[in-house]
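Reader: I have a protein model open and would like to learn how to read its pockets and helices. Could you take me through it?

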Amino acid sequence: MRKDFGVKTYIYPQPVLIIATYDENSIPNAMNAAWGGISEEDQITICISPDHKTTKNILLNKAFTVSSATKKYVSECDYFGIESGNKGINKIDKAKMHITKSKFVNAPLIDELPLALECELISYDEQSCILKGEIINVSIDESILNENNKVDINKFEPISFDPINLKYLLVKDVVGNAFKDGIKIK
């Protein structure tokens, strides 16, 4: 028997997205966002409210990066979500993370987070809080690649957000083969 909970943000898995930007003084900033995903082959859509420093930075520079949070840096990635960039704190320095300027967009790559989308702003709607970005490049650190230059999930160790229990979960085990396992039912 099912139990009704009304309107909630209960969907699994929810990504832990770390959005990085530069401010008006080229100081890097990062925030943690869970409500987002790929919306076209070359686009990402994220729900982000207008009061975030990150939103202001994106509107200023028309660029941002989106990294997947990892098990190794769960504390730092959580910190990016609980500290406000509007306070003038350099969250990157406080978390002891390092950045490299993207070669493709005017935004920072966080060195410790091995997979990042480098994006240019397509649109932002303040009423719905919907940010759309065009993916200009995907940058992946070689440390998480296998011998076929594909991401090795066990080296990468991305995490997801559990919105019901307020936990971070490790994304790890392979349970099937996409576009293959369902053929037996067809």
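Author: Happily! Let's begin with a sorting rule: Asp, Glu, Lys and Arg count as charged, Ala, Val, Leu, Ile, Met, Phe, Trp, Tyr, Cys and Pro as nonpolar, and the others, Gly among them, as polar. Keep in mind that this is a predicted model.

Reader: How do the residues lining the second largest pocket divide under that rule?

Author: Twelve are nonpolar, five polar and one charged. This pocket has a volume of about 310 Å³. Of its 18 lining residues, Asn32, Ala33, Ala34, Trp35 and Phe161 are the closest to the centre. At least two lining residues come from each of β1, β3 and α2.

Reader: And what is the volume of the largest pocket?

Author: The largest pocket holds about 410 Å³ of space. Its lining has 22 residues, and Pro15, Leu17, Ser68, Phe156 and Pro158 are the closest to its centre. The lining comprises 16 nonpolar residues, six polar and no charged.

Reader: Now helices. Why do some residues of a helix point the same way?

Author: An α-helix has 3.6 residues a turn, so residues three or four places apart point the same way. Now look at α2: Cys77, Tyr79 and Phe80 are buried. They lie on the same side of α2 because they cover an arc of only 155 degrees around the axis.

Reader: Which residues are exposed on the other side of α2?

Author: Ser75 and Ile82 are exposed there. As for the buried residues of α2, what covers them includes β2, β3, α3 and β8.

Conventions. Residues numbered from 1 in each chain as written. Predicted model: local features only at pLDDT ≥ 70, side-chain atom pairs only at ≥ 80, totals over all residues. Heavy atoms only, no water. 1 Å grid on protein atoms, 1.4 Å probe; cavity = no way out; pocket = protein on both sides within 12 Å on 5 of 7 lines; lining within 4 Å. Points joined across faces, edges and corners; volume = space filled by probe spheres on them. Helix = DSSP H or I, 4+ residues; strand = E, 2+ residues; numbered from the N terminus. Buried < 20%, exposed > 50% of the residue type's maximum accessible area, 1.4 Å probe, protein only. Arc of directions from axis to C-beta. Contact = heavy atoms within 4.5 Å.
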